[in-house]
Every structure is written in structure tokens, then in C-alpha cells.
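Dear colleague,

Please find below the structure that I am handing over to you, with its sequence. My account of what was found in it follows directly after.

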Amino acid sequence: MGGKREEPLIVKGKRVDGRKVDEMRPIKIEAGVLNRADGSCYLEWGKNKIIAAVYGPRELHPKHLQDNTQAYLRCRYNMAPFSVSDRKRPGPDRRSTEISKVISEALQRVVFLNYFPNSVVDVFMEVLQADAGTRCASLTAASVALADAGVPMKDLVASCAAGKADGEIVLDMMQEEDNFGEGDLPMGYIPARDEIVLMQLDGEFTKEEFEKAQKTAIDGCKKVYELQMKALKDKFKKGGKE
Amino acid sequence: MNIDKELKRHFIGRLIDNNRRIDGRGFDDFRELNIETGLISDKAEGSSMVKLGNTEVLCGIKLVPGEPWSDRPNEGILMTGAELVPIASPNFETGRPGEEAIELARVVDRGIRESHMVDMEKLAIVEGEKVWMVFVDIHVINHDGNLLDASSIAAVSALKNTYVPKFEDNEVVRGEKDRDLPVVKLPISCTFAKINKGIMIDPILDEEFAMDARLTVTTSGKEIHAMQKGETGAFTPAEVSELVSKAFGKHKELVKKIK
């Protein structure tokens, strides 16, 4: 954010990768890709490649963390060292800790945790290749993996970001736009309930720009939701593995 | 199970449903805000103590020469950290910062960084080789809710009262002022808590135990620079829009108190 770039990010309504301002990158979602996990999802979102796995509900250790009223939803967002241009030091850092926290809070809105006291539902998200928008892609994948695991849920959480590049509100920024744009608004949204469960913002938005960005991100989430539902249906059409 | 949460949720929730807050404030009223600067003036280049009701946060600023990032060779570096030290609450433990402390530091950092409050380009010592690293460290003294706003106000007030020390013969002359830290904007954060259908500003600790969702909005006069939604509840888009407008209004009111 806020870096300097010689060429503009938007030329005659076209973005660096040829998209229109309200156009998303291509998204491919596949449910049930891992053998050992209770539920899983592989997701490609532009150049982002993410795999999410769900284990549980299962017994929670250490025992002092157990809650006799509900299950604990433990999320871990992790980037592979080779997923970014400069190698990332393996292990959790401050950024991934914060992302894990906000993703966990977003998912807790939809999972019936009260059905499984004293247990844990583990959600692991591995970013294999990153190209901006990985927290939204991870939340989208985690949501599908939870449904694939058969964890009782009220709905899926769909996620997408809007941003600001060259003074214009754009949907779903890629790396160039994220680096040199003027703002980012990632969102997690439940379409049927019109509820925002994840929202962060950084950059410079006027009130008017924010309103437009919020609407743009919601429209993106609605499209993502359709793709999530399709991925889950496709798995069962194929007779998926058990 | 969190006992505090279970016990307080019912009581506070019922009050909110009757349009009342536990301490009698209006839903859009901040607690009394008191800012003192320069408490650690012998050793820190800037400092401030913020009292927001019974919440007390101390922020200290240290300036240390260091190497710039390779992609920003002529800019200073800003780093924000927060410690929830065990003096402030029976729920805080010693050890490495947990996710609550990390989130706190990162949200405060985002407001300062994204608003370009400090003109980083004026913090180069030798271009491309040596720049000032500005360390913002937040120390929570007493936790009675809304650490986010108290910390953010403490960080902004401390930076506003920070000096750049003299740098001679490749060494820092500690305690001797060269100039003021170049501060160009004052971002103010506003945190809202949602309990049942009620949304209130500046929650106290009891309200935080009861809250379903939390939203922090950091604005300068004309723009929004940082937002963070927390907790497991949700906001509707219409609620978010309204809270953003309220945060702009509060900026006008609170910015006057920063000296």
C-alpha cells in the first residue's frame, strides 16, 4: 500500500491484468481433496493457491482449554515459505496470528459449536502461492472444507475484497494493485442473512468511497458464494470419496 | 466457559434492551478522557499516559537508528508493539504477546501507518543507508475496557510530543533534541460494541464481556484509514455505514483533546 509506480494501474477502464474494475479473477474451488482430513478444499483464485483442511470435532488437548458449553474453533492460517517472492520465514508471525483470529471469529458465526462441548474443530489453511487476497481466499476455502467435513453450519461464509487503485474502487485486487493501490477492504459476508462477519480496512477511503467499496465487496462475496455452493454440489454429483 | 461472560451477558443485555448502559452513559458518549504527555521524558523520546475512564494506557516512543527497508531506502521505519502486562488485569499472563495483544498492536499500527501521520520521508539520516526507526510501545496499566481506543489515542498523543534526537559522529546524542517528529495528521480510532440490538461507543470491560461484535473505525478529518471487526457476532452493511459516519463525528470532538 502506498508505494510508487511509474505506470497507471488502470488504463481506459482496464486493469493491469485486463480485468474491468468490477471483475473478479477466475476462481476454481474443489471440495474433498485430502485423504486423511474430515473435510477439505482446494482453491485457486487468480494466482492464489490455497488448501484448507478440517479435523474434528475431536477431543481438545490441552484439557484446560476445554469448554463444557461448546466446541473450540481453532484456526491456523499459514503461508508456505515459497509462497511469496521473498522467502517467508516459516512459522506464525504477527500477521498470520491476526488473520487466524479474524477468520476464526468469522466462522464461529455459522458453526453450531454448542453441539460439541469439550471438543475442538481444527481448521488449517495453507497458502501455497500468494498473490494478494489470501485471507479472503482462505476464509472461502475454510468455509467449504467445514461443510465438506459435515460440521453442522447455519450457512457458508463467502469472502472477497474491494480496494482502491488510481482513485477508483475495484473488486478483488491482485498483487500489483495491492502493492501500489490506495486501500484494501477485505470482507466476510453471509448473503442470506445480510451479515458482515469479517471486515478489515487499510488505506485511504472517503465516506463515499467506503460506501462504494462496501457494496462492491458484497457483490463479490455473493458471486463467491455461488461458486462455493457449486463446488459442494459437484463433489456429491461425482460421488466423492468418503 | 468464561464465567464473567456468562454472568454479565444476561445482566448487561437486559439493560441495553431497555436503552440503558451500566454506567449511565449515552450510547454515543465516550468516557472522560485525560491525556498527559512527557511522563517518561528522561529516557523516552516521547510518551503519553491516557486515562479513559478507569482504563489506563502508557505509550512510550523510542527512536533508534537502523537500516531502511530495501524497497523504501529513504524512509524511516515505524513499528508498533503492545504488551498486556499482568499488572493490568487478572486475566493477563506473562510471556510472549498473545493474539489479543498482537491484534491491538496491529490495529493501532494500521491507523498510524495508513494515515501517514508521521512523514516517514523526513526520517532518513543517510539516504539509503541509515534511517530513524520509530518504536511505538504500548503498555497497558489498567484494563477496564476499550484498550483499542485508549492505546490508539496514547500512541497518537505520544508521537505528537516526540522529538528526534541529535545524531553526531555516527552516534545518537541521547536526551538532546534535534527537531520535533514530523507529524502531519492525527488519526483517531472509535470502537463500537454490539450487544443484542444495541450498539454503543467506548465499551467498558463489563460491556466487552457481554458484546457480540466489535467494530473499530480509525479516521482522520476526511478519510477512513483503518477498520477492524472483532468477536463472533456480525454487523449489517447499514450498521457499518452508520458507525463510519459516527466515527467521523467523533474525530472532530476527540482531536481537540490531543495536545
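How many bridges join strand β3 (residues 27–31) of chain A to β4(A), and do the strands run parallel or antiparallel? Five bridges join them, and the two strands run antiparallel. Please bear in mind throughout that this is a predicted model.

Strand β4 and its neighbours in chain A

Within the pairing of β3(A) with β4(A), Ile27(A) has Trp45(A) as its bridge partner. Strand β4(A) covers residues 39–45 and is mostly covered, with six of its seven residues buried. β4(A) also pairs with strand β5 (residues 48–59) of chain A, in the antiparallel sense and over seven bridges. In that pairing, Gly39(A) stands opposite Val54(A) of β5(A). The two strands β4(A) and β5(A) form a hairpin with two residues between them. Gly46(A), in the turn, has a positive phi of about 60°.

The nonpolar core

The largest nonpolar core holds 146 residues. The members that touch the most other members are Ala52(A), Leu107(A), Val123(A), Ala142(A) and Ala145(A). Leaving aside residues up to four places away in sequence, Ala145(A) touches Gly39(A), Ser40(A), Cys41(A), Ala52(A), Ala53(A), Val54(A) and Val123(A). Gly39(A) and Val54(A), both in that list, are the residues that stand opposite each other in the pairing of β4(A) with β5(A).

The sheet that includes strands of both chains

An open sheet of eight strands has the order β9(A)-β8(A)-β10(A)-β11(A)-β12(B)-β11(B)-β9(B)-β10(B), and its pairing is antiparallel. Its edge strands are β9 (168–171) of chain A and β10 (198–201) of chain B, each of which pairs on one side only. From one strand to the next, the twist averages 20°.

In the chain A part, strand β8 (residues 158–165) is joined to β9(A) by four bridges, and the two run antiparallel. Ala165(A) has Glu168(A), in β9(A), as its bridge partner. Helix α2 (residues 134–148) of chain A packs on the sheet, where it touches β8, β10 (183–190) and β11 (195–205) of chain A. The direction of helix α2(A) makes about 165° with that of β8(A). In the chain B part, helix α3 (residues 147–160) lies across β9 (188–195) and β11 (213–219) of chain B. Helix α3(B) runs at about 175° to β9(B).

Where do the two chains join within this sheet? Four bridges link β11(A) to strand β12 (residues 224–230) of chain B, and these two strands run antiparallel. There, Leu201(A) stands opposite Met227(B) of β12(B).

The contact between the chains

The contact takes 29 residues from chain A and 28 residues from chain B. On the side of chain A that touches chain B, α1 (94–108), β11 and α4 (207–237) of chain A each supply at least two residues. β11(A) gives the most to that side, with eleven residues. By character, the residues on this side of chain A divide into nine nonpolar, eight polar and twelve charged.

Each chain as a whole

Chain A has four helices and eleven strands. Its radius of gyration is 18 Å, close to the 18 Å that the globule rule gives for 242 residues, so chain A is as compact as a globular protein of that length. Along the principal axes, the C-alpha atoms of chain A fill a box of roughly 55 × 40 × 35 Å. Of the 242 residues in chain A, 52% are buried. Among the contacts in chain A with a separation of 6 or more, 71% are between residues 24 or more positions apart.

Chain B has five helices and twelve strands. Its radius of gyration is 19 Å, close to the 18 Å given by the globule rule for 259 residues, so chain B is as compact as a globular protein of that length. The C-alpha trace of chain B spans about 65 × 40 × 30 Å along its principal axes. Buried residues account for 48% of the 259 residues of chain B.

A last residue in chain A

Phe180(A) has its place in helix α3 (residues 175–180) of chain A. Why does Phe180(A) count as buried? Phe180(A) has 20 C-beta neighbours inside 10 Å, and a residue is buried if that number is 20 or more. The C-alpha atoms of Phe180(A) and Val16(A) are separated by 12 Å, although the two residues are 164 residues apart along the chain.

Yours sincerely

Terms used: Residues numbered from 1 in each chain as written. Chains lettered and ligands numbered in written order. Predicted model: local features only at pLDDT ≥ 70, side-chain atom pairs only at ≥ 80, totals over all residues. Rg over C-alpha atoms; globule rule 2.2 N^0.38 Å. Buried ≥ 20, exposed ≤ 12 C-beta atoms within 10 Å, placed from the backbone. Pairing = 2+ DSSP bridges. Axes fitted to C-alpha atoms, helices over the stretch in contact; angles between N-to-C directions. Contact = placed C-beta atoms within 7 Å. Core = buried A, V, L, I, M, F, W, Y, C linked by C-beta atoms within 7 Å. Nonpolar A, V, L, I, M, F, W, Y, C, P; charged D, E, K, R; others polar.
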